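Subject: A structure for you to explore

Hello,

Here is the structure I promised to pass on to you. Have a look around it first, and then read on for what turned up.

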Amino acid sequence: NINNNKDNNKDNNDNNNSNRNSKRFSTPAASKFKHVYGTENTKTNQYFNLKPITTGIDGHVIACNSKFWAVPYTGGGGPVYLSPHGKYGKVEPNCAVINGHKSMVYDVAFSPYHDDIMATSSDDCTVKLWKLDEDDLFTRNYTENDVNLSFTCFKSAVKSCCFHPMIPNLLTTTGADNQIKLFDINGNNTEAV
């Protein structure tokens, strides 16, 4: 009798476990996030006709600071589309761009200490530093003549650039040759430190 009771108990436990398992998988899992709702922006708060480059970029696809946002843009050379926050609407095909490179721009970075300083790194083996002037920035194209500093000590494409978050005026770059170079942007020194 003792053996029969053990077998019956084992059968009952197996049935209870299978019932628990089937119940466990029959109900959907509860979400960790509750009461999360969103609304789509209205047409007046959207950008249209924007043509950023999204392939082949190892750095940031978009960069922003408290005044501007920028994206590497399609077109000849290495254009970068720059816009102030809040200027919504259609981006015209002949919009003003920053175009001082001879090849595609891989990364864009803004200085965390100076809202009007922007760096761009490119496939043309250069990093260019731009001082942005809000008065005429969106009325004309910036060209190579408007570059504040140009760093040309690279032997391969410069894949990314980034300003140091704690040290003012320190720009870090990485190249396709796996080298990291640091630059002090204070002054006119264009050699790596």
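To begin with the whole chain: of the 193 residues in the protein, 33% are buried. Please keep in mind that this is a predicted model.

**The overall layout**

The protein has one helix and 13 strands. If you follow the sequence from its start, the helix comes up before the strands, in the pattern α-β-β-β-β-β-β-β-β-β-β-β-β-β. You can also ask how far along the chain the touching residues lie from each other. Among the contacts with a separation of 6 or more, 47% are between residues 24 or more positions apart.

**Two sheets to find**

Start with the sheet made of four strands. It is open, its strands follow the order β7-β8-β9-β10, and their pairing is antiparallel. At its edges you will find β7 (105-110) and β10 (149-151), each of which pairs on one side only. From one strand to the next, the twist averages 15°.

Now zoom in on one pair from this sheet. β7 and β8 (residues 117-122) run antiparallel and are joined by five bridges. A good place to see this is valine 105, which has serine 122 of β8 opposite.

The other sheet has three strands. This one is open too, with the order β11-β12-β13 and antiparallel pairing. The edge strands here are β11 (158-163) and β13 (180-184), and each pairs on one side only. Ignoring direction, neighbouring strands of this sheet are turned by 20° against each other on average.

Which strand does β11 share five bridges with? The partner is β12 (residues 170-175), and the two run antiparallel. One residue pair to look for is cysteine 162 with its bridge partner in β12, threonine 172.

**Two loop residues with positive phi**

While you are at these sheets, take a look at two loops. Cysteine 125 sits in the loop between β8 and β9 (127-131). Its phi is near 65°, which is a positive value in a residue other than glycine.

Asparagine 178 also has a phi near 65°, again positive in a residue other than glycine. You will find asparagine 178 in the loop between β12 and β13. Is this residue buried or exposed? Asparagine 178 counts as exposed because its relative accessibility is 73%, and the cut-off for exposed is over 50%.

**The largest pocket**

Next, some empty space. Rolling a probe the size of a water molecule over the atoms shows where such space is left.

The largest pocket holds about 180 Å³ of space. It is lined by 13 residues, and those closest to its centre are Tyr81, Lys87, Lys90, Val91 and Cys95. Which elements each supply at least two residues of this lining? They are β4 (80-84) and β5 (89-90). β4 has the largest share, with four residues. Sorted by class, the lining consists of eight nonpolar, two polar and three charged residues.

**Leucine 50**

Two of the residues named for the pocket, Tyr81 and Val91, come up again here. Leucine 50 lies in the loop between β1 (47-48) and β2 (63-64). Leaving aside residues up to four places away in sequence, leucine 50 touches Trp69, Tyr73, Tyr81 and Val91. Take tyrosine 73 as an example: leucine 50 and tyrosine 73 are 23 residues apart in sequence, while their C-alpha atoms are 8.4 Å apart in space.

How does leucine 50 count in terms of accessibility, and why? Its relative accessibility is 29%, so leucine 50 counts as partly exposed. That value falls between the cut-offs of 20% for buried and 50% for exposed.

**The cavity**

Finally, how many cavities of 30 Å³ or more does a search of the whole structure find? The search finds one. The volume of the largest cavity is about 40 Å³. Its lining is made up of Val80, Leu82, Ala96, Val97, Ile98, Leu137 and Phe138. β4 and β6 (97-98) are the elements that give two or more residues to this lining, so you will meet β4 here as well as in the lining of the largest pocket. By class, the cavity lining has seven nonpolar residues, with no polar and no charged ones.

Enjoy exploring, and write back with any questions.

Best wishes

Note on methods. Residues numbered from 1 in each chain as written. Predicted model: local features only at pLDDT ≥ 70, side-chain atom pairs only at ≥ 80, totals over all residues. Heavy atoms only, no water. 1 Å grid on protein atoms, 1.4 Å probe; cavity = no way out; pocket = protein on both sides within 12 Å on 5 of 7 lines; lining within 4 Å. Points joined across faces, edges and corners; volume = space filled by probe spheres on them. Nonpolar A, V, L, I, M, F, W, Y, C, P; charged D, E, K, R; others polar. Pairing = 2+ DSSP bridges. Axes fitted to C-alpha atoms, helices over the stretch in contact; angles between N-to-C directions. Buried < 20%, exposed > 50% of the residue type's maximum accessible area, 1.4 Å probe, protein only. Contact = heavy atoms within 4.5 Å.
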